[in-house]
Amino acid sequence: MKLKSLLIANAVLLGSFVLQAHAEDEAQLIKQGEYLSRLGDCMACHTVSGKGDYAGGLAIESNLGTIYSTNITPDKEHGIGNYSEQQFSDAVRKGVLPNGSRLYPAMPYPDYAKISDADMHALYVYFMKGVKPSSEQPPETDLSFPFSQRWGMRFWNWAFTSDKPFQPIGGASEEVNRGAYIVESLGHCGSCHTPRGLGMNEKALDSGDDQFLAGGSLSNWDVPSLRGLPRWSEQEIVDYLQTGRNDKAAVGGEMKSVIEHSSSHMTDADLKAIAAYLKFLGGNPPLQAYNVQKQQATEAKLTAAKGLSEGERLYIDNCGACHFVTGKGAPGIFPELDQATIVNAKDPSGLIHTILAGAQQPSTEKAPSTLAMPDFAKRLDDDQVAKLATFIRQGWSNNAPAVTKDQVAEVRKTLKGE
């Protein structure tokens with residue numbers, strides 16, 4: 001009897017160890033999956049202010065119409081609680097739902113296709129066991145014909161996606177390849193920073209093509225090339241992704257959400273890996289030549305404040321206090337205007353939007369203060385904004401085309417929701 005009791009006690013003890021080990025493994029997977037969800041920026045698209053995390057309902061404006069993000073909590077009726085791991089993987093990596101319905105590539109599954117099996121497993125465990133279920137029912141996406149015919153995405157996927165797993169770059173360091181994996185898969189940076197084709201497809205999905213991360217257009221903003229970032233050091237790239245600002249620039253547009261919900265939560269090692277990878281890609285296009293004489297002439301004229309054009313006067317009155325006569329701003333506080341990407345963009349809509357609507361930097365762990373640029377939509381009319389933007393785009397060493405009041409009027413309409 002004693003032997004039997006001893007065996008039972010040992011079995012119970014062993015069972016408790018197994019259960020504890022399983023619980024610890026699961027807790028670690030949930031923690032890992034939560035971090036991976038930050039790398040994938042899932043929160044930004046699937047969470048609306050005032051609603052539960054990942055409950056969906058964000059309205060995503062596209063050329064096809066408004067697409068609403070879905071509830072991806074483990075709720076069994078309105079969310080993904082009934083998904084098997086394979087069904088979860090198919091939705092994330094292939095854009096195919098359990099009922100065979102096809103997702104639109106507003107969900108960046110062409111990039112998520114490169115997520116590793118191990119990372120996919122951790123994500124599944126996190127969303128099933130680490131996220132609070134929500135019964136929120138987001139609006140249904142209802143696009144006009146023929147875009148409402150989701151079955152057509154089968155042919156789009158055949159033409160423009162790939163099921164090829166992530167391919168490490170031969171000869172590159174472990175750090176560069178870690179950065180490549182994040183950027184090309186979970187980070188889905190190419191969905192915004194790679195030019196689009198006629199089918200609204202990313203023209204390239206990895207660094208094997210020079211078009212990858214070569215810049216594009218999003219919501220009427222020119223999206224800059226990330227290839228090499230020749231004006232920025234690796235540390236400046238890290239600072240920007242971690243805080244939304246560095247000594248040369250401050251975040252604006254769609255990138256603010258990426259900083260707030262994703263990159264500011266990344267580890268230092270992963271941010272350094274991303275920076276190393278972007279620098280590894282090399283510059284495309286080459287760095288714009290810096291015109292010292294032109295920069296000094298603009299600075300001298302603004303300092304003297306004599307014989308100013310209307311654009312120059314508007315700059316002194318509205319912008320000079322923060323960006324100064326040098327156009328250099330204050331490192332880490334007010335961004336540079338001289339040689340800035342948004343200033344010299346082919347499409348001036350981003351600059352116009354910033355002047356009209358203002359901008360606010362996100363609050364992050366490493367930079368909790370929220371610095372804001374005021375909006376000038378009520379203070380300046382279309383002609384004044386056009387003249388101000390033209391001066392900024394042609395002052396100092398900048399060399400970009402003039403802005404018209406018609407261009408300003410078009411951007412102003414978007415602020416009014418017209």
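Leu-213 is buried, with a relative accessible area of 0%. In this predicted model, the residue lies in the loop that runs between helix 8 and strand 3 (216–218). Its backbone also stands out, for Leu-213 is not a glycine and yet has a positive phi of about 65 degrees. A second residue invites the same kind of look: His-188, also not a glycine, has a positive phi near 35 degrees. The place of His-188 is the loop between helix 7 and helix 8 (190–193), and with a relative accessible area of 14% this residue counts as buried, because the cut-off is 20%.

From these two loops it helps to step back to the whole chain. The chain contains 18 helices and six strands. Its C-alpha atoms fill a box of roughly 105 × 50 × 45 Å, taken along the principal axes. Of its 418 residues, 44% count as buried. Contacts that span the sequence are well represented: among those between residues at least 6 apart, 62% join residues at least 24 apart.

Leu-213 returns when the interior is considered. The largest nonpolar core has 53 residues, and the members that touch the most other members are Tyr-54, Phe-88, Ile-115, Phe-127, Leu-213, Tyr-277 and Leu-278. Several helices build this core, with at least two residues each from helix 1 (2–39), helix 2 (42–46), helix 3 (85–94), helix 5 (117–129), helix 7 (174–184), helix 9 (234–243) and helix 11 (268–281). Helix 5 gives the largest share, eight residues. Phe-127 offers a closer view of the packing: leaving aside residues up to four places away in sequence, Phe-127 touches Ser-37, Cys-42, Tyr-54, Ile-72, Pro-74, Ile-80 and Phe-88. Apart from this core there is a second, separate one of 23 residues, whose members include Cys-319, Leu-356, Val-403 and Val-408.

Two of the helices that supply the largest core, helix 9 and helix 11, can be followed as a pair. Two packed helices are described by the angle between their axes and the distance between the axes. Here the axes of helix 9 and helix 11 come within 9 Å and cross at roughly 125 degrees. This angle makes helix 9 oblique to helix 11. The crossing of the two helices is right-handed. On the helix 9 side, the residues that meet helix 11 are Glu-234, Ile-237, Val-238, Leu-241 and Gln-242. Their partners in helix 11 are Asp-268, Leu-271, Lys-272, Ile-274, Ala-275, Ala-276, Leu-278 and Lys-279. Among these, Leu-278 has already appeared as one of the residues touching the most other members of the largest core.

The cysteines complete the picture. A disulfide is a covalent bond between the sulfur atoms of two cysteines. A search of the whole structure finds zero of them. Cys-189 is in no disulfide, and the nearest cysteine sulfur, that of Cys-192, is 8.7 Å away. With 23% relative accessibility, Cys-189 counts as partly exposed. Cys-319 is likewise in no disulfide; for this residue the nearest cysteine sulfur belongs to Cys-322, 8.7 Å away. Cys-319 is buried, with a relative accessible area of 11%, and is one of the residues of the second core.

Technical notes: Residues numbered from 1 in each chain as written. Predicted model: local features only at pLDDT ≥ 70, side-chain atom pairs only at ≥ 80, totals over all residues. Heavy atoms only, no water. Disulfide = S-S within 2.5 Å. Buried < 20%, exposed > 50% of the residue type's maximum accessible area, 1.4 Å probe, protein only. Core = buried A, V, L, I, M, F, W, Y, C linked by side-chain atoms within 4.5 Å. Helix = DSSP H or I, 4+ residues; strand = E, 2+ residues; numbered from the N terminus. Contact = heavy atoms within 4.5 Å. Axes fitted to C-alpha atoms, helices over the stretch in contact; angles between N-to-C directions. Parallel < 35°, antiparallel > 145°, perpendicular 65-115°, else oblique. Left-handed = near helix turned anticlockwise from the far one by under 90°.
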